[in-house]
Amino acid sequence: MSDRPRLLPLLGANRHGSRDAMTCLYRCGNACDHPVPNSSDNPYFGDLVDAEVSRRGVVRAGAVGALVLGFGGAAVGALAGAAPAAAAPTAPAVPDAAEAAAAPVGVGSGALTFKPIPPNKLDALVVPNGYDHAVVIKWGDAVVPGAPAFGVHAQTAAAQAMQFGYNNDFVGVLPIDRKRALLVVNHEYTNEDLMFPGFTGIDALSVEQLRIAMAAHGMSVVELERADGTGRWRPVDHGRRPYNRRVTALATKFEVTGPAAGSAWLRTAADPKGRTVIGTLNNCSGGVTPWGTVLSGEENFNQYFVGGDGAPEELKPKLARYGIPTDVRYPSGSRKWDRADERFDLAKHPNEAHRFGWVVEIDPFDPESRPRKHTALGRLKHEGANVIVAQDGHVVAYMGDDERFDYLYKFVSDKKFMPGNSWVARKHNLTLLESGTLYVARLAGNSAAEIDGSGKLPTDGAFDGRGEWIKLVSGNRSYVDGMTAADVLTFTRLAADKVGATKMDRPEDVEPSLLTGKVYVALTNNTDRGKAGKAPADEANPRNLNKHGQILELVEDRGDNTAETFAWSLPIVCGDPTDPATHFAGYDKSQVSPISCPDNVAFDATGNLWISTDGNALGSNDGLFATAVEGPERGHLKQFLTVPLGAETCGPFITKDNRSVFVAVQHPGEITGASVEKPASTWPDGDFAKPGVVVTWRLDGGPIGS
């Protein structure tokens, strides 16, 4: 018998909206059943300045815009010492960083004219009339040439390390030329109930099955080709495919960079120098950089460690702040990977947990390169990181810490971005995230006294206010009393607690707009908001018991992404539009699609905001939505697609030519009681559920959304 209880759905309202108890178990290790890690008593800061900035004010975009990688022309050059791409189509390529950072033009009117699809509970991926979709790749498909064919009854760790991993989240598509691109995908977590036939419990798994799960975590890089000149893409299934690669939690070595690299906090018996980590865990969202690499956020890493009760006493408060229980050996939701690798036992290796929770950078154009963990960006439960090049050339990365009552961060590089596709530029740009200044956000409302937790708009007609970025560390200099730079970066949550950062409702994806420089934050939900002993509603988080979440818009002062002050507003307060506690930038709510639990955001080439959801608390399947964020259609939110039963919509990614939208269908059929033999979903093949990546395009070849 397993000592790990099989959970039933929670009675009453699920703390994660409609997220099933099985997802709570595997996705985050039953985080909502554990105490909220943030027990700090940060006061609400109040008004920061007297001047009020209009929530609809338009700021000038930076001289160099946010990242978007183009498909409009050859975006690559040749490697030094290698033949040009025209002579050798499979030769490694270097993206043109200047082109990658430039704003797209000439790809449609920007009007979102598609007819929104209705909410539904179908076990299918549903798109609007006039569109088609196809599965690009799914769990078990070959990634590395020579990978064995997938067989659910014949799985091995060696095979999984060559095959597409489980539960894909972030999706990035980086062009090689007009017809080819690299798909880079995160594999966030595994669900052993739905992976292994005959599953009876974690304790009954063999060590080999645990190693299979470890190999199914990580990332995949897959070369794609455009299908017949349409918006459809498919994996290249012939030739060398030199870029194809699997990164796993099982064996991939990561280099540690930045001020905390080599610090005492990161040293272990296996790595006494504290500079090389095996594997990456619970990779959630991410971002694509102008220099052609992919950033990946390590999120709910805490659930992989056991033995917190045996850790040194002085370390226990730090572990607890990151959600690692210190009163039991095997907390609820534990995966018990210590049976396969003792480094996951904190009683034996207490520093191993500190080696996860970082932003990871992988270079898909150099398959021999070692991925890196950047300590300069701080350690937290990273949803992801998205980069923009500021007016003065410094690189700015925005990040959210996906936990109830945790914080919003940004990083500003010390060095400046170098455009072009020379090896000098590329070598330089690959160092941009190794040193800089890390900030945490503090927000104040313009109408703080009117916020009562109901979601009622203040008399000024907006949830809005001012904010400041509080400096935590710059290079090797700490700005937090009693903490060194290595302390701040390794225990960033504790540093942010000390400086009084604003507690947010699960800040997940944070992404700057390519065209305006404004920044958008998906605040997913927080049903603990306003409960006894918990932080009450404030203007940025205006509803108690918040089931549906909101979108925050942040406008840096002077249009400068390196600024230390900003204006903010909530253009969208999610939920059923018939609920008075919802807001859609003042748009006619009778014309708006219902939305719940925003998770990831992205922009198309004309600046429309696309929002994917996770845990729809309105009772229908999760989906992908789009809205204008400027002009008279601002707030006119429309549902573009829904994913199958039990699934979450991840990604999304819209190509620069606006002809393809990619989404990851994560955990289809993840419903309590489901198994391989008795699936709750049969998407996509009609047998048992398999996570996968989908591409959608217009049948007439026109721009997406229009």
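Q: How long is the polar contact that joins the side chains of Gln 550 and Asn 541?
A: You're looking at a predicted model, where local features need pLDDT of at least 70, side-chain atom pairs count only at pLDDT 80 or more, and totals for chains, interfaces and linings use all residues. Residues are numbered from 1 along each chain as its sequence is written, and side-chain values use heavy atoms, leaving out hydrogens and water. A polar contact is a pair of N or O atoms within 3.5 Å; within protein, one must be able to donate a hydrogen and the other to accept it, and residues adjacent in sequence count only if both atoms are side-chain atoms. For Gln 550 and Asn 541, the value is 3.4 Å.

Q: Is Gln 550 buried or exposed?
A: Buried means under 20% relative accessible area, exposed over 50%, and partly exposed in between (1.4 Å probe, protein chains only). Gln 550 has a relative accessible area of 1%. That makes Gln 550 buried.

Q: How many of the residues of strand 25 are buried?
A: Strands are DSSP runs (E, at least two residues), numbered from the N terminus, and strand 25 covers residues 550–556. On one side sit the buried Gln 550, Leu 552, Leu 554 and Glu 556, and on the other the buried Ile 551, Glu 553 and Val 555. Strand 25 is largely enclosed by the rest of the structure because the buried count is seven of the seven.

Q: Which residue in strand 26 stands opposite Glu 553?
A: Two strands pair if DSSP finds at least two bridges between them. Strand 25 is joined to strand 26 (residues 565–573) by six bridges, running antiparallel. Strand 24 (residues 519–523) also pairs with strand 25 in the antiparallel sense, over five bridges. Opposite Glu 553, in strand 26, stands Ser 569.

Q: Which strands stand at the edges of the open sheet with the order 28-29-30-31?
A: This open sheet has four strands with antiparallel pairing. Each edge strand has a single partner, so one side of each is left without a neighbour in the sheet. Those edges are strand 28 (598–603) and strand 31 (638–642).

Q: Which residue of strand 30 stands opposite Leu 609?
A: Strand 29 (residues 609–613) and strand 30 (residues 623–627) run antiparallel and are joined by four bridges. Opposite Leu 609, in strand 30, stands Thr 627.

Q: What share of the protein chain's residues counts as buried?
A: Zooming out, the chain has nine helices and 34 strands. Helices here are DSSP runs of H or I, at least four residues. Of its 706 residues, the buried share is 66%.
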